[in-house]
Amino acid sequence: MTLLKVENLNVSFKTRDGVVEPLSNISFEIDAGEILGLVGETGSGKSVTAQAIMGLLPFLDGKVSAGRIFFNDQDLLAISEKEYQQLRGNQISLISQNPMTSLDPVYKVGDQIVEGLKLHMTITKADARTRAVDVMTSLGIPNADKVFNQYPHQLSGGLKQRIVIAMGLCADPKLLIADEPTTALDVTVQAQIIELFKQTTRERNIGLIMITHDLGIISHLCDRVVVMYAGNVVEAGRVESIFAEPKHPYTEALLKCIPKLGMADRSLHAIPGNVPSVRTYPHGCRYHPRCPKAKAYCMENTPEIIQVKNTQVKCHQFTAQWRTAS
Amino acid sequence: MTPLVEIRHLSKFFPVTGGLMHRKTGEVKAVNEVSFDIFRGESLGVVGESGCGKSTLARLILSLIPPTSGTITFDGQNINGIGKKQLRLLRRKMQMVFQDPHSSLDPRNSIYRSLEEVFKIQKVPLPQEKINDRISELLGMVGLKPEHCRSYPHQLSGGQKQRAVIARALALTPEFIILDEPTAALDVSVQAQIVLLLQELGDQFNMTYLFISHDLALVDYFCQRIIVMYLGKIVEITPANLSQKQPRHPYTKVLMESVFIADPLAKTQAPQIKGEVPSLFNIPEGCSFENRCVYSKDICRKKSPELVEAQPGEFVACHFPLTY
């Protein structure tokens with residue numbers, strides 16, 4: 001069953017200098033038990049996508065200007081903020097990038113997990129504490145009882161992030177969105193946390209949207225990938241096919257510009273130019289200024305989104321080839 | 001071949017004070033008895049996680065902070081405690097590129113001014129037009145356009161700022177550049193541009209680089225040799241191309257296994273490591289990696305292993321180095 005379905009999502013924000021549209025026509029879905037990667041660089045719109053799904057846009061002077069979001073067939077754009085509060089934490093949970101900023105420094109970490117539990121469900125303090133300790137233990141936190149009573153500054157980055165994950169999971173959500181959950185962590189700690197995400201998602205049969213710029217994490221953890229660039233989905237598909245046969249020039253270029261252990265000497269290829277800012281998105285295909293395959297019509301026209309089975313591609317060249325082939 | 005830089009028994013201990021009287025209650029051994037050479041023209045990498053001491057090491061070599069003990073020799077000259085004028089002249093030969101381009105450039109200076117400042121500080125006796133020419137040349141070298149001269153940092157992208165920082169480092173044709181996480185703050189597509197630029201400049205000027213990063217794949221790609229640090233000590237010095245080599249130190253092995261390769265078909269092995277990094281305030285006796293090492297034995301708890309040359313140019317500090 002489809003857990004989450006995002007259909008032709010457009011998001012706009014009101015800013016001092018006018019309205020900006022950081023997301024255009026985003027579509028993807030995720031099933032229970034599946035891990036979907038959302039990969040892209042700065043300004044690709046991946047965090048805004050998470051904010052849209054969580055119903056946080058109104059608090060950021062933003063809104064969904066077009067499109068739909070369905071969670072378990074429920075239209076999220078038709079519910080009230082009060083109804084959204086029932087969903088957050090309980091059904092859909094967001095884990096953010098900096099564990100340091102998610103945790104209140106003046107409260108014990110255990111109490112912060114309990115606070116979340118009491119907000120999202122009817123539960124006694126004692127039961128909430130037991131549940132919190134259980135979730136912490138299941139996430140590999142040693143001496144969870146003791147850690148419960150500690151303050152964030154007493155914990156390492158890895159432990160703090162496990163606490164934040166515990167906060168996200170303790171009310172048993174069906175869908176977890178993790179926004180760059182390991183960028184601030186050491187690589188050995190990152191490896192452990194990613195394994196933890198994998199294990200937890202499978203054990204609880206929940207859906208996980210992993211937002212990251214790290215293709216290594218994507219290839220290790222995810223079943224399917226959505227590649228974003230400048231507010232668009234440029235390619236989406238199963239992780240094996242994206243890496244083996246990238247169909248969008250950006251995906252292809254991205255794979256070639258990341259250093260990999262074992263790659264040949266001097267085989268790194270840079271992508272010329274810069275990621276465009278939301279105020280200066282190029283006309284036509286937003287990738288065209290950096291694309292080696294760009295033609296005249298790429299500069300004028302927005303590419304169509306071609307959906308073929310499990311794959312989605314937004315590229316004029318691909319569309320032309322696909323049309324000829326079919 | 002005489003090394004360009006020789007580091008011998010370099011240590012930096014930061015005192016920790018406590019209590020009302022601010023008495024010294026302990027110390028953080030940020031860099032602990034570190035010895036190695038840097039050869040002319042090579043790119044030497046330093047990898048390690050938080051608290052390993054790599055950034056402190058960079059600052060020690062640049063004489064930004066004084067060592068607690070040990071020596072640093074640059075081009076045959078001992079640079080410990082040298083006078084201000086000598087230090088200024090040294091800085092013509094030895095430069096640094098820091099991680100954050102946003103804080104490396106004075107936001108109130110145009111790029112032109114930031115570059116010109118180098119010549120002023122170094123009291124270079126060149127007429128203004130020659131300085132202007134040199135600045136244009138530098139901008140061209142790093143892939144910036146002449147008009148970027150007039151730009152202010154906030155008008156440039158992260159990648160452009162970092163190029164400006166590199167241009168500034170190159171201004172007086174240094175022999176040696178230390179790069180501390182030079183691309184960590186940049187998008188991956190821009191990171192590749194900077195890496196390629198650094199390689200090109202390295203080729204052109206036979207530049208010697210000390211490349212510090214937490215990104216093992218990046219260091220392996222860019223460098224010919226790699227130093228692995230853990231809690232202030234060197235645990236291994238190895239040639240790069242790690243996938244072809246077998247690591248000798250268990251920690252190097254863990255680092256390699258922790259890196260996720262961007263290939264879903266790559267065979268992965270769960271890194272064999274346990275426990276948490278000990279606090280820098282409380283580095284254990286014996287081998288500092290002991291509590292996390294799956295191969296540790298009694299002696300590891302009691303005695304700290306020396307860095308020994310396992311093979312010419314390859315060093316490891318371990319009582320039971322891995323063999324294959």
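Student: Which residue is the bridge partner of Leu44(B) in E8(B)?

Tutor: That's Leu210(B). One thing before we go on: this is a predicted model.

Student: Okay. What makes strand E3 and strand E8 of chain B a pair, and in which sense do they run?

Tutor: The cut-off for pairing is at least two bridges. E3 (residues 43-47) and E8 (residues 208-213) of chain B share five bridges, so they count as paired. The sense is parallel.

Student: Where do E3 and E8 sit in the sheet of chain B?

Tutor: Read the order as E6-E7-E8-E3-E9-E10-E12-E11, and you'll find E8 and E3 side by side. The sheet is open, has eight strands and shows mixed pairing.

Student: Why are E6 and E11 of chain B said to stand at the edges?

Tutor: Each has a single partner strand, so one side of E6 (94-97) and one side of E11 (308-311) have no neighbour in the sheet. From one strand to the next, the twist averages 25 degrees.

Student: Which strands of chain B does helix H1 lie across?

Tutor: H1 (residues 54-61) of chain B lies across E3, E6, E7 (176-180), E8 and E9 (225-230). Against E7(B), the helix runs at about 150 degrees. Angles here go from 0 to 180 degrees between N-to-C directions, so that value puts H1(B) past a right angle to E7(B).

Student: Let's try chain A. Which strands are at the edges of its sheet, and what makes them edge strands?

Tutor: They are E6 (92-95) and E11 (306-308) of chain A, and each pairs on one side only. The sheet of chain A is again an open one of eight strands with mixed pairing, in the order E6-E7-E8-E3-E9-E10-E12-E11. Its neighbouring strands are turned by 15 degrees against each other on average, ignoring direction.

Student: How do you know that E6(A) pairs with strand E7 of chain A?

Tutor: Count the bridges: four join E6(A) to E7 (residues 175-179) of chain A. At least two are needed, so the pairing holds. The two strands run parallel, and Leu94(A) stands opposite Ile177(A) in E7(A).

Student: Back to chain B, then. Which residues of helix H4 are called buried, and why?

Tutor: In H4 (residues 111-121) of chain B they are Ile111(B), Ser114(B), Leu115(B), Glu116(B) and Val118(B). The label needs 20 or more other C-beta atoms within 10 Å of a residue's own, so each of these five reaches that count. Their packing partners are H5 (128-141) and H6 (158-170) of chain B. Just after H4(B) comes Lys123(B), with a positive phi near 50 degrees.

Student: How many of the residues in each chain are buried, as a percentage?

Tutor: In chain A it's 47% of 326 residues. In chain B it's 43% of 324 residues.

Student: How do you know that the radius of gyration of chain A agrees with a compact globule?

Tutor: With 326 residues, a compact globule would come out near 20 Å; chain A has 21 Å, so the two agree. Its C-alpha atoms fill a box of roughly 65 × 50 × 40 Å along the principal axes. Chain B, with 324 residues, passes the test as well: 21 Å against an expected value near 20 Å. The box for chain B is roughly 70 × 60 × 45 Å.

Student: What separates domain 1 and domain 2 of chain A, and which residues belong to each?

Tutor: The assignment gives 2-91 + 173-272 to domain 1 and 101-171 to domain 2. Between their centres lie 25 Å, taken over C-alpha atoms. Each domain puts twelve residues into the contact. On the domain 1 side, helix H8 (residues 187-204) of chain A gives the most, with five residues. By class, that side has eight nonpolar, four polar and no charged residues.

Student: Last one: how many residues of chain A and chain B are in contact?

Tutor: 36 residues of chain B touch 33 residues of chain A. To count, the C-beta atoms of two residues must lie within 7 Å, so each of those 36 has a partner in chain A inside that limit. H7 (188-205), H8 (216-222) and H9 (250-258) of chain B each supply at least two residues of the chain B side. H7(B) gives the most, with seven. By class, the chain B side holds 22 nonpolar, nine polar and five charged residues.

How values were computed. Residues are numbered from 1 along each chain as its sequence is written. Chains are lettered from A and ligands numbered from 1 in the order in which they are written. This is a predicted model: local features need pLDDT of at least 70, side-chain atom pairs count only at pLDDT 80 or more; totals for chains, interfaces and linings use all residues. Ala, Val, Leu, Ile, Met, Phe, Trp, Tyr, Cys and Pro count as nonpolar, Asp, Glu, Lys and Arg as charged, and the others, Gly among them, as polar. Domain bounds come from an automatic or database domain assignment. A residue is buried if 20 or more other C-beta atoms lie within 10 Å of its own, exposed if 12 or fewer, and partly exposed in between; C-beta atoms are placed from the backbone. The radius of gyration is taken over C-alpha atoms; the globule rule is 2.2 Å times the number of residues to the power 0.38.
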